Amino acid sequence: MQPSVRKRPNSLHAAAFMCSRSAGATETEAVPSKPRFHLDLWLGFTVQNWILDVGQPVVMLVLPADWFPSNRPGAADYLHILYNITTPLVLLKMLQRSPRTLPRTAVRLGIIAVVAGTSLHLAADSITRRLLLIGYQLHLSVRDNPLMKDLKPPSLIDAFELLFYYDDTIGHLMWYLITEGQTFILFIFTFFVMTATVMRQRRRGMVPDGNGLFMLYSFSAALFLVAVWVVCLWNDGVLRKKHPGLIYVPQPRAVYTLHLRQNAQTENNFQHV
């Protein structure tokens with residue numbers, strides 16, 4: 001009986017050792033891998049924004065207007081169409097790589113909102129470009145534009161006001177465009193919530209990874225650039241009238257029609273004289 005008694009403790013020790021080993025292996029497998037910086041994703045997002053969004057007014061300045069008929073899409077419109085396609089794809093890829101998954105309904109509603117907002121902006125912006133070619137001034141309201149005062153019947157002005165409402169208000173809100181006064185409140189609220197979340201997690205000993213820091217720094221840089229933009233145009237009385245209220249963030253294209261285009265026309269007239 002003694003041999004059997006001696007083997008029992010050895011068997012228990014072996015079983016305990018195997019259990020502890022398996023538990024340690026499970027804990028090792030449960031440790032998440034170190035998050036990597038998604039350079040391809042952020043670089044693609046930046047490049048497609050600069051080429052397909054910021055590049056639209058550049059294309060309008062470089063290419064002659066008579067290359068494309070007024071009743072058909074132009075080069076800037078085709079860039080805008082590509083932007084509407086690529087932006088939801090990049091956003092979906094970002095959500096797929098996120099360590100925390102959102103409810104599918106929230107993801108779908110968000111993507112639908114972005115697509116609908118960019119589509120509204122595409123239609124309204126395309127018509128606005130045609131209006132610019134015939135003398136429309138974006139630094140003035142619809143009713144103050146000399147081009148609109150000659151419309152017959154005058155009720156057509158209401159239709160153009162509805163067009164710009166879809167573009168400047170509804171479309172930008174659904175698109176989350178931050179360099180416009182209409183959506184700056186949404187941007188600054190998101191920035192403060194993001195900053196508060198990071199500070200709260202730091203108190204718990206948690207810090208954001210490279211992707212989170214990149215997004216936080218990007219929002220900070222955007223806020224700084226918008227602040228510089230507002231300070232430079234703070235005393236502009238014409239833009240103040242165009243953008244009344246507490247939030248004053250002038251539209252870049254309004255600055256273009258007020259200062260840059262008028263200066264270019266003045267120089268051309270001076271050369272002709």
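In this predicted model, helix H7 passes helix H8 in a left-handed crossing. H7 covers residues 184-203 and H8 covers residues 210-232, and their axes come within 11 Å while crossing at roughly 140°. That angle makes H7 oblique to H8, because only angles over 145 degrees count as roughly antiparallel. On the H7 side, the contact involves Phe184, Phe187, Ile188, Thr190, Phe191, Met194, Thr195 and Val198. Their counterparts in H8 are Met215, Leu216, Phe219, Ser220, Ala222, Leu223 and Val226. Sorted by class, the residues of the contact of H7 with H8 comprise twelve nonpolar, three polar and no charged.

Helix H8 itself has 23 residues. From its first C-alpha to its last, H8 reaches 33 Å, close to the 33 Å expected at 1.5 Å a residue. Its buried residues are Asn211, Leu216, Ala222, Val226 and Val230. These buried residues of H8 pack against H2 as well as H7. Leu216, Ala222 and Val226 of H8, named here as buried, also appear in the contact with H7.

**Helix packing from H2 to H4**

Two packed helices are described by the angle between their axes and the distance between the axes. The table sets out these values for three pairs.

| Helix pair | Axis distance | Crossing angle |
|---|---|---|
| H2 and H3 | within 9 Å | roughly 165° |
| H3 and H4 | 10 Å | about 165° |
| H7 and H8 | within 11 Å | roughly 140° |

H2 and H3 are roughly antiparallel to each other, and their crossing is left-handed. By class, the contact of H2 with H3 has 15 nonpolar, seven polar and four charged residues.

H3 and H4 are likewise roughly antiparallel to each other, but H3 passes H4 in a right-handed crossing. From H3, the contact draws on Ala76, Asp77, His80, Ile81, Tyr83, Asn84, Thr87, Pro88, Leu91, Leu92 and Leu95. From H4, the participants are Val107, Ile111, Val114, Val115, Thr118, Ser119, His121, Leu122, Asp125, Ser126, Arg129 and Arg130. The residues of the contact of H3 with H4 divide into twelve nonpolar, seven polar and four charged.

Helix H4 spans residues 104-133 and has 30 residues. Its reach from first C-alpha to last is 44 Å, close to the 44 Å expected at 1.5 Å a residue. H4 is followed by glycine 135, whose phi is positive, near 105°.

**Individual residues**

Glutamine 56 lies in helix H2, which covers residues 39-62. At 3% relative accessibility, glutamine 56 counts as buried, because buried means under 20% relative accessible area. Setting aside residues up to four places away in sequence, glutamine 56 touches Ile51, Ala76, Leu79, His80, Asp125 and Arg129. Among these partners, Ala76 and His80 of H3 and Asp125 and Arg129 of H4 also take part in the contact between H3 and H4. Glutamine 56 of H2 thus touches residues that belong to that contact.

Lysine 93 lies in helix H3. With a relative accessible area of 36%, lysine 93 is partly exposed. The C-alpha atom of lysine 93 is separated by 7.8 Å from that of leucine 41, although the two residues are 52 residues apart along the chain. Leucine 41 falls within the residue range of H2.

Asparagine 145 has its place in the loop between H4 and helix H5 (146-149). At 0% relative accessibility, asparagine 145 counts as buried. Beyond residues up to four places away in sequence, asparagine 145 touches Tyr136, Gln137 and Leu140.

**The chain as a whole**

The protein chain has ten helices and zero strands. Read along the sequence, the chain follows the pattern α-α-α-α-α-α-α-α-α-α. Of its 273 residues, 29% count as buried; glutamine 56 and asparagine 145 are among the buried residues. Among contacts between residues at least 6 apart in sequence, 62% join residues at least 24 apart.

How values were computed:
Residues are numbered from 1 along each chain as its sequence is written. This is a predicted model: local features need pLDDT of at least 70, side-chain atom pairs count only at pLDDT 80 or more; totals for chains, interfaces and linings use all residues. Side-chain values use heavy atoms; hydrogens and water are left out. Helices (H or I, at least four residues) and strands (E, at least two) are DSSP runs, numbered from the N terminus. Buried means under 20% relative accessible area, exposed over 50%, partly exposed in between (1.4 Å probe, protein chains only). Contact means heavy atoms within 4.5 Å. The expected span of a helix is 1.5 Å times one less than its number of residues. Axes are lines fitted to C-alpha atoms, for helices over the stretch in contact, and angles run from 0 to 180 degrees between N-to-C directions. Angles under 35 degrees count as roughly parallel, over 145 as roughly antiparallel, 65 to 115 as roughly perpendicular and the rest as oblique. A crossing is left-handed if the near helix is turned anticlockwise from the far one by less than a right angle, and right-handed if clockwise. Ala, Val, Leu, Ile, Met, Phe, Trp, Tyr, Cys and Pro count as nonpolar, Asp, Glu, Lys and Arg as charged, and the others, Gly among them, as polar.
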